[in-house]
Every structure is written in structure tokens, then in C-alpha cells.
Amino acid sequence: MSAWAVVPAAGSGRRFGGEVPKQYLQAAGKPLLWHALEALLAHPGIDGAVVALADGDVRWPGWTTLHGKPVLACRGGAERADSVLAALAALPAGVADDALVLVHDAARPNLQAGDIGALLEAAAAHPDGAILAAPVRDTLKRADADGHILATEPRQALWRALTPQAFRRDLLLRALQAARDAGMVATDEAMAVERLGCRPRLVEGREDNLKVTTPADLALADFLLSRRSP
């Protein structure tokens, strides 16, 4: 089954400790965004990628190919869903409605090939798509407004959503458009798909598929990626 990757980079440009959007911060000598694209396009099941950029992004290096596969760019939107919709519209004309689309965070640089393969297999077999996720292993506390513990929450059956998240193009497009029309801001693609009554499959992914949101995350990503470098 044909599969393309979509990387919304417009909404991931929040900065910490400087002027560089975090997807362009360096880890193991390359931008986080490069690592994300490299992992996706190195996989034989991915045909190409579309990156949704912030308006006026002057740091985009203009990549057009990686691993011999096309890298396209389009202008994203204010919200993640807007960027994904823009990227879906920018897919080449030959990408079928039932092709798989993998949506991956630009600031998740440590994606492994085994997780991509498992996700592709699950999403191809399941009409509602699939997402990478990790079971919650920590004890969860509910707090009040003053930071006092109100209760200990059961963690059984709770998972942390990761990316990529994979859906057929037509289902993802329909779900995101319906959420937008209803005024709902979907924090991930699965949330919009669930709203249609669908039940995407959870595929357990590696815990080190971290999203860089703090300087400590960046240091850890640099360590992990440096160990992967030949």
C-alpha cells in the first residue's frame, strides 16, 4: 500500500532559550527536522514527504529529495490541524484517497525503522488507522488548583500518544475538516478521527521516540542520535 509522510512544522516552532524554532535546533550535528525526515524516508514503505512550514520560515533549507524520495513543502496554518490539511492538499496528484498518510512531529527526531514498519502494517490492516503509543507506566496524581493531591488515578488501559499516526488519506481529510467545522481544536489526528466514531489501533512504540519540548529533551535527543550515528 502506498504511504506518504506529512510533517507539520508550522506549529512546532515554539522556541526555548533562543530565536531558533525548535525543529531547527541541532542534535548530533543536524536539525531535528532533518532527523525526523531522514527516519521516515529511509524506510522502504514511505514514498515521500510533505513538510508544512510556518509563513515566512526563512530557515527552511529547501530540501527537495532525501534517500532518493521527494520532499515537498507547503505553507501551514496557525493550528496543527490546519498544517496537516494544507499538507494533504499538497500531496501529488497520484496519491490515492486510500493511500496511507503518516503524520509525524517535526520535533521527534529519534524515530526507529521498526516502529514505522509495525505502524504501517497495523494501519494497512485496520480501516480506522493506527498510532504509535506507549503504555502509561508512572503513577498518576490528580491535583487541585493549589497543587495538592486530590486522588491517585488508575493507569490501567492508559496510553501516551506518540507519532507517527497513520490513516487513509480520505479518512484523515474528512476527520480534520469535520473537527474544524465544529470549532474543535484536535491536539492530534487520532482525536479528530475518534470524533467520527472510529477506533484507531494502538501500536506500542519505543519510549525513546521523544518529543523535544525542553532543553533537557534536546540534550537527551543529542545523546541518543549521537549513538546512532555511524
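**Entry 1: a buried glutamate**

I began with Glu189, which at 1% relative accessibility counts as buried, and I note at once that the model I am reading is a predicted one. Glu189 is found in helix α5, which covers residues 189-195. I then looked up what its side chain meets, and I found a polar contact of 2.7 Å that joins it to the side chain of Arg80. Leaving aside neighbours within four places in sequence, I listed Arg80, Val84, Val103, Gln165, Phe167 and Leu172 as the residues in contact with Glu189.

**Entry 2: strand β1**

Next I turned to strand β1, residues 3-8, and asked myself how many of its residues are buried. Six of the six are buried, so the strand is largely enclosed by the rest of the structure. I followed the side chains along β1 and wrote down that Ala3, Ala5 and Val7 point one way, while Trp4, Val6 and Pro8 point the other way, and that all of them are buried.

I then looked for the strands that pair with β1. With strand β7, residues 100-103, β1 pairs in the parallel sense over four bridges, and the bridge partner of Ala3 in β7 is Leu100. Four bridges also join β1 to strand β4, residues 49-53, and these two strands run parallel; here I found Val7 standing opposite Val51 in β4.

**Entry 3: the whole sheet**

From β1 I moved outward to the sheet, and I reminded myself that strands of a sheet pair through backbone hydrogen bonds, either parallel or antiparallel. I traced eight strands in an open sheet, in the order β5-β6-β4-β1-β7-β11-β8-β12, with mixed pairing. Which strands stand at the edges? They are β5 (65-66) and β12 (201-204), each of which has a single partner strand, so one side of each is left without a neighbour in the sheet.

For an antiparallel example I took β7 and strand β11, residues 159-168, which pair in that sense over four bridges. Val103 stands opposite Gln165 in β11, and I had already written down both Val103 and Gln165 among the contacts of Glu189.

**Entry 4: the nonpolar cores**

I looked up the largest nonpolar core and found that it has 33 residues, of which Leu33, Leu37, Ile46, Val51 and Leu102 have the most contacts inside it. The elements that give two or more residues to this core are β1, α1 (32-41), β4, β7, α3 (113-125), β8 (130-135) and β11. Which element gives the most? I found that α1 does, with six residues.

I chose Leu37 for a closer reading, and, not counting residues up to four places away in sequence, I saw that Leu37 touches Val7, Ala49, Val51, Trp63, Leu66 and Val71. There is also a second, separate core of 28 residues, which includes Val103, Phe167, Ala175 and Ala192; two of these names, Val103 and Phe167, I recognised from the contacts of Glu189.

**Entry 5: aromatic rings**

When I searched for aromatic pairs, the count came to one. The rings of Trp60 and Trp63 have their centres 5.2 Å apart and their planes at 75 degrees, so the pair is edge-to-face, since planes over 60 degrees apart count as such. I checked how far each ring's residue is covered: Trp60 is buried, with a relative accessible area of 16%, whereas Trp63 is partly exposed, at 23%. I also noted a charge over another ring, for the charged end of Lys30 sits over the ring of Trp34, 3.8 Å from its centre.

**Entry 6: the backbone**

I closed with the backbone, keeping in mind that most residues other than glycine have a negative phi, and that most peptide bonds are trans. A cis peptide bond joins Thr163 and Pro164, with omega at about 10 degrees, and Pro164 lies in strand β11.

I then looked up two alanines with positive phi. Phi of Ala28 is near 55 degrees, and Ala28 has its place in the loop between β2 (26-27) and β3 (30-31), where it is partly exposed, with a relative accessible area of 22%. Ala157 has a positive phi of about 70 degrees although it is not a glycine, and it lies in the loop between β10 (149-153) and β11. Is Ala157 buried or exposed? I found it exposed, with a relative accessible area of 74%.

Terms used. Residues are numbered from 1 along each chain as its sequence is written. This is a predicted model: local features need pLDDT of at least 70, side-chain atom pairs count only at pLDDT 80 or more; totals for chains, interfaces and linings use all residues. Side-chain values use heavy atoms; hydrogens and water are left out. Buried means under 20% relative accessible area, exposed over 50%, partly exposed in between (1.4 Å probe, protein chains only). Two strands pair if DSSP finds at least two bridges between them. A nonpolar core is a set of buried Ala, Val, Leu, Ile, Met, Phe, Trp, Tyr and Cys residues joined through side-chain atoms within 4.5 Å. Contact means heavy atoms within 4.5 Å. Rings of Phe, Tyr and Trp (its six-membered ring) pair if their centres lie within 6.5 Å; planes under 30 degrees apart count as stacked, over 60 as edge-to-face and the rest as tilted. A charge sits over a ring if NZ of Lys or CZ of Arg is within 6 Å of the ring centre and within 35 degrees of the ring normal. A polar contact is a pair of N or O atoms within 3.5 Å; within protein, one must be able to donate a hydrogen and the other to accept it, and residues adjacent in sequence count only if both atoms are side-chain atoms.
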